[in-house]
Amino acid sequence: TAQFNITSLRQQFPALDQHCNGQPLVYLDSAATTQKPKVVIETIQQYYSGHNANVHRGSHTLTASATAQFEQARATVQQFIHAADSKEIIWTRGATEALNLIAQTYARNTLQAGDEILVSEIEHHANIVPWQIVAEQTGAKVVKIPMLPDCTLDMAAFSQRLSNKTKIVAIAHVTNVTGTRNPVEEMIEAAHKVGAVTVIDGAQAVAHEQVDVQALDADFYVFSGHKIFAPAGIGVLYGKKALLEAMPPWHGGGKMVEKVSFDGTTFSALPGKFEAGTPNVAGSLAFAAAINWFQSIDREGAEHHIQALRQQALEGIRDIDDLRIVGLQPEASLFSFVVDGVHHQDIATLLDQQGIALRAGHHCAHPMMDALGLKGTLRVSLAMYNTAQDVERFIAALHKACSLL
Ligand code: PMP
């Protein structure tokens with residue numbers, strides 16, 4: 001891997017080189033979605049310019065080549081998260097779809113009335129609502145793992161609420177509002193002791209730490225391509241093979257079947273069983289290109305760079321009256337804050353006018369906002385392509401905004 005070099009790295013992201021409201025763009029919303037390096041954009045262009053064909057169908061050269069690339073991309077994802085077998089990698093539209101798939105296949109067919117699904121209070125709605133839907137369908141109950149005032153999980157409550165009624169434990173690896181890194185290793189081990197299956201939402205983790213699903217012993221692990229330099233519309237469900245094999249299919253259609261007749265239908269082996277219809281081939285190839293690119297970066301250097309920027313930002317805004325950092329977490333790539341007495345959206349608007357893009361709102365985490373007693377926060381989320389100058393511009397813009405409000 002090459003040494004971390006911010007200048008050459010930044011040049012690989014065309015979207016960063018633009019003006020927004022007459023000012024050079026400062027993009028501080030990478031936890032919502034990252035910008036894309038040229039190699040990812042070019043992969044999509046090249047696929048549609050020269051390689052486009054449907055996969056796993058027909059017998060011509062183009063389709064064979066597209067299929068080979070599509071399966072190679074799956075193997076790239078497998079290696080990236082250290083899964084044992086590429087059949088354990090199911091393409092989805094994103095983390096959200098992967099969580100719904102687990103809920104509507106695994107959970108819907110195993111849960112019974114009275115069973116419990118443990119879900120943390122600091123989850124994204126994508127890791128809450130699918131469980132509520134399947135609870136409604138099966139008579140199971142969603143049980144909350146509450147957070148502590150510092151925005152970490154109440155592990156005593158977790159231990160207490162974990163019982164032999166618990167069938168599923170669904171938690172984020174890293175959360176999106178404060179960047180809390182949940183102790184997933186410990187939680188997975190505890191869940192397995194009571195026979196529960198674990199679902200880990202890795203959407204915010206994969207771009208910032210090395211994930212090894214086998215070392216974690218996660219039963220399911222999900223993430224989205226677009227938060228790790230790949231395009232939107234492609235994501236991954238990892239599941240242990242024995243679980244995936246036992247699960248019924250979800251969507252019906254082409255490719256997920258072995259034989260269809262009006263007397264009954266038999267289903268394809270993994271991974272095809274969960275991939276009905278024509279898949280997002282270009283997305284899969286671009287996802288693999290993003291992973292290959294990401295793995296060519298000095299990731300440790302990149303994380304140091306991000307931490308230095310975060311420190312710079314926190315120090316630069318410390319003197320603003322009534323500013324509060326919400327649940328500051330060590331080593332996170334993001335932080336949330338509020339300015340008491342000022343609406344977060346008003347600040348976001350004034351920042352936007354100065355070319356600063358960040359997220360303001362509830363961050364799809366209503367339960368966490370309720371626990372915090374807040375309607376929303378402002379969130380600064382950093383990626384390796386941000387610069388000290390970006391952070392300086394943010395600090396100055398925030399001072400200006402707060403002096404006007
Ligand atoms: N979980 C977390 C922690 C997230 O941050 C997000 C995206 N904001 C999701 C799940 C959902 O991801 P997607 O919208 O890409 O499906």
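**Cysteines, ligand and loops in a predicted model**

Q: How far is the sulfur of Cys-151 from the closest cysteine sulfur, and in which residue is that closest sulfur?
A: Keep in mind that this is a predicted model. The distance is too far for a bond, so Cys-151 isn't paired up here. The gap comes to 17 Å, and the closest sulfur sits in Cys-364.

Q: How many disulfides does the count come to?
A: A disulfide needs two cysteine sulfur atoms within 2.5 Å. For Cys-151, the closest cysteine sulfur is 17 Å away, so that pairing fails. Looking from the other end, Cys-364 has its closest cysteine sulfur in Cys-151, also at 17 Å and too far for a bond. So the count of disulfides comes to 0.

Q: Is Cys-151 buried or exposed?
A: The cut-off for buried is under 20% relative accessible area. Cys-151 has 0% relative accessibility, so it counts as buried.

Q: What is the relative accessible area of Cys-364?
A: Let's place the residue before looking at its surface: Cys-364 is in the loop between β16 (359-361) and α13 (366-372). Its phi is near 50 degrees, a positive value in a residue other than glycine. Cys-364 counts as partly exposed, because its relative accessible area is 24%.

Q: Phi of which residue is near 75 degrees?
A: Try the loop between α9 (241-246) and β11 (257-261), where Lys-255 lies. This residue counts as buried because its relative accessibility is 16%. The phi is a positive value in a residue other than glycine, and the residue is Lys-255.

Q: Which two residues does a cis peptide bond join?
A: Here omega is the clue, at about -5 degrees. One partner, Pro-271, lies in the loop between β12 (264-267) and α10 (281-295). The cis bond joins Leu-270 and Pro-271.

Q: Which residues with polar side-chain atoms, or N or O side-chain atoms, lie 2.8 Å, 2.6 Å and 2.7 Å from an oxygen atom of the ligand?
A: Take the distances one by one. At 2.8 Å, an N or O atom in the side chain of Gln-204 faces a ligand oxygen. At 2.6 Å, the polar side-chain atom belongs to Ser-224. At 2.7 Å, it belongs to His-226.

Q: What percentage of the ligand's accessible area does the protein cover?
A: On its own, the ligand has 390 Å² of accessible area. With the protein around it, the covered part is 85%.

Q: How do the residues of the shell around the ligand divide into nonpolar, polar and charged?
A: The ligand's surroundings include Ala-95, Ala-126 and Ala-203, and also Thr-96, His-124 and Asn-176. Asp-201 and Lys-227 are among the surrounding residues too. Sorted by type, the shell has 3 nonpolar, 6 polar and 2 charged.

Q: Which side chain does a polar contact of 2.9 Å join to that of Gln-104?
A: Gln-104 is found in helix α4 (residues 95-110). With 15% relative accessibility, this residue counts as buried, because buried means under 20%. The side chain at the other end of the contact is that of Arg-108.

Q: What distance separates the C-alpha atoms of Gln-112 and Ala-140?
A: Gln-112 sits in the loop between α4 and β5 (116-120). It counts as exposed because its relative accessibility is 56%. Gln-112 and Ala-140 are 28 residues apart along the chain, and their C-alpha atoms are separated by 5.9 Å.

Q: What distance separates the C-alpha atoms of Val-281 and Val-55?
A: Val-281 has its place in helix α10. With a relative accessible area of 5%, it is buried. The two valines are 226 residues apart along the chain, yet the C-alpha separation is 7.8 Å.

Q: How far apart in space are Leu-378 and Thr-152, C-alpha to C-alpha?
A: Leu-378 is in strand β17 (residues 377-381). At 0% relative accessibility, this leucine counts as buried. Leu-378 and Thr-152 are 226 residues apart in sequence, and in space the distance is 19 Å.

Q: Over residues 26-394, how far apart are the end C-alpha atoms?
A: UniProt, in an unreviewed entry, lists residues 26-394 as "domain: Aminotransferase class V". Over that stretch the chain is 39% helix and 18% strand. The end C-alpha atoms of the stretch are apart by 8 Å.

How values were computed: Residues are numbered from 1 along each chain as its sequence is written. This is a predicted model: local features need pLDDT of at least 70, side-chain atom pairs count only at pLDDT 80 or more; totals for chains, interfaces and linings use all residues. Side-chain values use heavy atoms; hydrogens and water are left out. A residue is near a molecule or strand if one of its heavy atoms lies within 4 Å of it. A polar contact is a pair of N or O atoms within 3.5 Å; within protein, one must be able to donate a hydrogen and the other to accept it, and residues adjacent in sequence count only if both atoms are side-chain atoms. Accessible areas come from the Shrake-Rupley method with a 1.4 Å probe; for residues, only the protein chains shown count as cover. Ala, Val, Leu, Ile, Met, Phe, Trp, Tyr, Cys and Pro count as nonpolar, Asp, Glu, Lys and Arg as charged, and the others, Gly among them, as polar. UniProt positions are given in the numbering used here, feature names are shortened, and annotations may be inferred rather than shown by experiment. Helices (H or I, at least four residues) and strands (E, at least two) are DSSP runs, numbered from the N terminus. Buried means under 20% relative accessible area, exposed over 50%, partly exposed in between (1.4 Å probe, protein chains only).
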